[in-house]
Amino acid sequence: MGVTRQVKVGDLAKMGALTEGWKARLSWGDATCEDMRGEYAEDTLRLSWKVETEDKDGHYVVSIPIRISWSPCNYGGQRPWLLCPYCGRRVSALHLSSNARQLACRHCFRMTYATRNTDDQDRLHIRRRKLFRRLGAKGSIDRYTRIPRRPKGMWRSTYDRIKEQIIQTEMDLDDAFMASAGPLISRILKRYPAA
């Protein structure tokens with residue numbers, strides 16, 4: 001499994017875990033889960049592992065059966081899917097909980113994408129960094145990073161268009177900052193008027 005904290009159906013298929021009678025020891029690459037074992041029989045993948053606890057025993061075993069669903073592909077063959085042990089949703093990955101005791105889909109854990117937790121300014125910063133990367137910028141990119149020269153082989157019109165997008169994004173950043181800081185500045189000016 002590597003160092004990831006999720007089970008992906010594609011990785012399982014590549015290692016041959018979705019063939020009848022498969023058994024193996026797996027690794028999360030994480031200290032919270034030890035001695036992970038997996039076995040596959042009758043379209044069910046059973047994963048079990050030890051979880052460290054505060055008790056005198058020091059650990060207990062978690063065992064979760066995961067049903068596998070198959071869908072036909074357009075050009076023959078079948079594609080495997082994991083069925084979430086909690087909601088039964090057909091997914092390509094199951095995630096391990098932070099306490100390493102549950103395995104469920106992102107919907108059951110109410111996981112969201114990082115960009116859904118960003119505001120307008122953060123999105124503009126992300127857009128600005130992507131535009132800089134398109135021009136070949138390396139390292140960290142902050143507000144004072146200069147626009148790079150045109151990369152070799154890039155059309156002048158493409159470079160000019162990206163440069164204009166960067167300038168527009170910077171103006172949008174200024175507007176977003178003033179929109180969020182404006183009320184704060186006016187409150188400060190009301191509280192401490194100029195003498």
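**Exercise 1. In the hairpin of E5 and E6, find the residue that takes a positive phi.**

Solution. In this hairpin, 5 residues lie between the strands, and Gly-76 takes a positive phi near 100°. The structure is a predicted model, and the angle is computed from that model. Next, look at the strands on either side of the turn. E5 and E6 (residues 78–83) run antiparallel and are joined by 5 bridges. Two pairs can be traced by hand: Ser-71 has Arg-79 as its bridge partner in E6, and Trp-70 has Pro-80. Strands of a sheet pair through backbone hydrogen bonds, either parallel or antiparallel.

**Exercise 2. Follow the chain from E6 into E7. How many residues lie between the strands of this hairpin, and which residue takes a positive phi?**

Solution. Start with the pairing: E6 and E7 (residues 90–91) are antiparallel, with 2 bridges. Leu-83 is placed opposite Arg-90 of E7. Between the strands of the hairpin there are 6 residues, and Gly-88 has a positive phi near 80°.

**Exercise 3. How many bridges join E4 to E5?**

Solution. The count is 9 bridges, and the two strands run antiparallel. As one point to check in the structure, Ser-48 stands opposite Ser-63 in E5.

**Exercise 4. Give the strand order of the open sheet of 3 strands, and name its edge strands.**

Solution. The order is E1-E8-E9, and the pairing is antiparallel. E1 (6–8) and E9 each pair on one side only, so by that definition they are the edge strands. For the pairing of E8 with E9, there are 2 antiparallel bridges. Within that pairing, His-95 has Ala-104 as its bridge partner in E9.

**Exercise 5. Is Ile-66 buried or exposed? Describe its surroundings.**

Solution. First, locate the residue: Ile-66 belongs to strand E5. Second, apply the cut-off. The relative accessible area of Ile-66 is 0%, and buried means under 20%; therefore Ile-66 is buried. Third, list its contacts. Leaving aside neighbours within four places in sequence, Ile-66 is in contact with Asp-43, Thr-44, Leu-45, Leu-47, Leu-82, Leu-83, Pro-85, Leu-94 and Leu-103. Fourth, take one of these partners: Leu-103 is 37 residues away along the chain, while the C-alpha atoms of the two are separated by 9.2 Å.

**Exercise 6. Which residues have the most contacts inside the largest nonpolar core?**

Solution. This core has 26 residues, and those with the most contacts inside it are Leu-45, Leu-47, Trp-49, Ile-66, Leu-82, Leu-94 and Leu-103. The elements that supply two or more residues to it are helix H1 (9–14) and strands E3 (33–41), E4 (44–52), E5 (59–72), E8 (93–96) and E9 (103–104). Apart from this core lies another, of 9 residues, including Leu-135, Ala-137, Tyr-159 and Ile-166. In soluble globular proteins, nonpolar side chains tend to be buried together.

Leu-94 serves as an example from the largest core. Not counting residues up to four places away in sequence, Leu-94 touches Gln-6, Val-7, Ile-66, Leu-82, Cys-84, Pro-85, Leu-103, Ala-104 and Cys-105.

**Exercise 7. How far apart do the C-alpha centres of domain 1 and domain 2 lie?**

Solution. The domain assignment gives domain 1 (6–109) and domain 2 (116–191). Their C-alpha centres lie 42 Å apart.

**Exercise 8. What span should helix H3 have, and what is the distance between its end C-alpha atoms?**

Solution. H3 covers residues 156–191, which is 36 residues. At 1.5 Å a residue, the helix should span 52 Å. Its end C-alpha atoms are 51 Å apart, which agrees. There is nevertheless a kink of about 45° at Ala-181, shortly before the proline Pro-183.

Now consider packing. The buried residues of H3 are Tyr-159, Ile-162, Ile-166, Thr-169, Glu-170, Leu-173, Ala-176 and Ala-181. These residues pack against helix H2 (120–134). An α-helix has 3.6 residues a turn, so residues three or four places apart point the same way.

**Exercise 9. Where does Thr-145 lie, and which residues are in contact with it?**

Solution. Thr-145 is in the loop between H2 and H3. Its relative accessible area is 25%, so Thr-145 is partly exposed. Apart from neighbours within four places in sequence, its contacts are Arg-128, Phe-132 and Ser-140. Phe-132 is 13 residues from Thr-145 in sequence and 9.2 Å away in space, C-alpha to C-alpha.

How values were computed
Residues numbered from 1 in each chain as written. Predicted model: local features only at pLDDT ≥ 70, side-chain atom pairs only at ≥ 80, totals over all residues. Heavy atoms only, no water. Core = buried A, V, L, I, M, F, W, Y, C linked by side-chain atoms within 4.5 Å. Buried < 20%, exposed > 50% of the residue type's maximum accessible area, 1.4 Å probe, protein only. Helix = DSSP H or I, 4+ residues; strand = E, 2+ residues; numbered from the N terminus. Contact = heavy atoms within 4.5 Å. Domains from an automatic or database assignment. Expected span 1.5 Å × (residues − 1). Bend = angle between axes of the 7 residues up to and from the residue.
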